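Me: I'm new to this one. Could you take me through a single helix up close, along with what sits around it?

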Amino acid sequence: MSTEDISDLKTGEVWCEVVNVLDGKETIKANEINKGKNLSEIECRENYKALEKEVKYVSSLHYFLDEIITGNKMANYEVAVWFKQYFEENAKVEDRKSVV
């Protein structure tokens, strides 16, 4: 998925892919990830549920998940900042190169 705007991250698709890169395997199965920019709210929530199984931080997103899914730029920015830090703390050098 290509992103042109921070609100494109609202679907959770990118975060599912980041988790898979960090784990070096398909931790979140491809058929469990809803893909595309125009997902319904239910499809977005399903992506975040799949993420929650793998990343404990995601459970703390519930209090502002509605803001994330509706495309609130600040909420999506905060999630992006957290995932950047998570990635930097957990990624091996070769993982970082494969994402860039």
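Reply: Happy to, starting with a term: a polar contact is a pair of N or O atoms within 3.5 Å; within protein, one must be able to donate a hydrogen and the other to accept it, and residues adjacent in sequence count only if both atoms are side-chain atoms. At the start of α4, a side-chain oxygen of asparagine 72 comes to within 3.0 Å of the backbone nitrogen of methionine 74. Keep in mind that this is a predicted model, where local features need pLDDT of at least 70, side-chain atom pairs count only at pLDDT 80 or more, and totals for chains, interfaces and linings use all residues. Residues are numbered from 1 along each chain as its sequence is written, and side-chain values use heavy atoms, with hydrogens and water left out.

Helices here are DSSP runs (H or I, at least four residues), numbered from the N terminus. Helix α4 covers residues 73-90, and its 18 residues should span 26 Å at 1.5 Å a residue (the expected span is 1.5 Å times one less than the number of residues). The C-alpha atoms at its ends are 25 Å apart, which agrees.

Now for its sides. Ala75, Asn76, Val79, Ala80, Phe83, Tyr86 and Phe87 are the buried residues of α4, buried meaning under 20% relative accessible area and exposed over 50%, with partly exposed in between (1.4 Å probe, protein chains only). Those buried residues cover an arc of only 135° around the axis (taken from the directions from the helix axis to the C-beta atoms), so they lie on the same side of α4. On the other side of α4, Lys84 and Glu89 are exposed.

Past the helix, alanine 91 is in the loop between α4 and α5 (93-99). Alanine 91 counts as buried because its relative accessibility is 13%.

Note on methods:
Helix = DSSP H or I, 4+ residues; strand = E, 2+ residues; numbered from the N terminus.
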